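The following exercises concern the fold and the packing of one protein chain. Please consult the sequence and the coordinates while working through each task.

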Amino acid sequence: HSGMPETDGEASPVGEVIVDPDGAVVRAGLVRHYAARHGLRQLDPRIAYLTGETVPPGVRGFRVLEQVPLKKLRPALAAAGCGSVEILVRGVDVDPDVLRRKLRLTGDRALSAVVTRIDRSPVAFVCEAVRG
């Protein structure tokens with residue numbers, strides 16, 4: 001034992017941004033390595049979404065505006081003036097197309113919703129897409 005704090009099995013508080021690592025990184029089992037290299041941490045140890053303060057250079061990420069329980073996503077997006085939403089889902093049995101239709105958005109802002117599971121509870125992050 002190295003005396004380092006044990007983080008396995010613990011969810012991280014969300015940072016300024018969320019990064020969805022490239023599928024090749026995920027398939028190769030290098031999510032933790034990638035996170036460490038870029039100063040990021042996993043939102044939940046079982047899910048590949050990463051969080052931190054900055055998006056790595058050349059990588060697309062999402063600036064977190066608000067975190068809400070999944071069932072509160074529609075009012076959160078409506079309050080943010082969202083009219084079109086990109087939906088990313090990991091670890092939750094949600095079909096983005098079905099969810100998008102249910103949201104019935106009428107605003108004029110394009111936002112992203114990152115839907116995932118943290119400590120086994122479905123959560124949604126209302127975000128703006130950004131590039132590092």
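Three exercises follow, each with a worked solution.

The model is predicted: local features need pLDDT of at least 70, side-chain atom pairs count only at pLDDT 80 or more, and totals for chains, interfaces and linings use all residues. Residues are numbered from 1 along each chain as its sequence is written, and side-chain values use heavy atoms, with hydrogens and water left out.

**Exercise 1. The sheet**

Determine the strand order of the sheet and identify its edge strands.

Solution.
- Step 1. Strands (E, at least two residues) and helices (H or I, at least four) are DSSP runs numbered from the N terminus, and two strands pair if DSSP finds at least two bridges between them.
- Step 2. The open sheet has 7 strands in the order β2-β3-β1-β4-β7-β6-β5, with mixed pairing.
- Step 3. β2 (41–42) and β5 are the edge strands, each pairing on one side only.
- Step 4. α4 packs on this sheet, touching β5 and β6 (contact: heavy atoms within 4.5 Å). The direction of α4 makes about 155 degrees with that of β5; axes are lines fitted to C-alpha atoms, for helices over the stretch in contact, and angles run from 0 to 180 degrees between N-to-C directions.

**Exercise 2. The neighbours of β6**

Establish in which sense β6 pairs with β5 and with β7.

Solution.
- Step 1. β5 and β6 are parallel, over 7 bridges; within this pair, Val 89 stands opposite Val 115.
- Step 2. The β-α-β crossover from β5 through α4 to β6 is left-handed. A right-handed crossover would run clockwise from the first strand over the helix to the second, with the strands pointing away from the viewer.
- Step 3. β6 and β7 run antiparallel and are joined by 7 bridges; here Val 115 stands opposite Ala 124.
- Step 4. The hairpin of β6 and β7 has 2 residues between the strands, and Asp 119 takes a positive phi near 50 degrees.

**Exercise 3. Burial of Leu 70**

Decide whether Leu 70 is buried, partly exposed or exposed, and list what Leu 70 touches.

Solution.
- Step 1. Buried means under 20% relative accessible area, exposed over 50%, and partly exposed in between (1.4 Å probe, protein chains only).
- Step 2. Leu 70 lies in the loop between β4 (60–69) and α3.
- Step 3. Its relative accessible area is 18%, so Leu 70 is buried.
- Step 4. Not counting residues up to four places away in sequence, Leu 70 touches Val 92, Val 94, Val 115, Pro 122, Val 123 and Ala 124.
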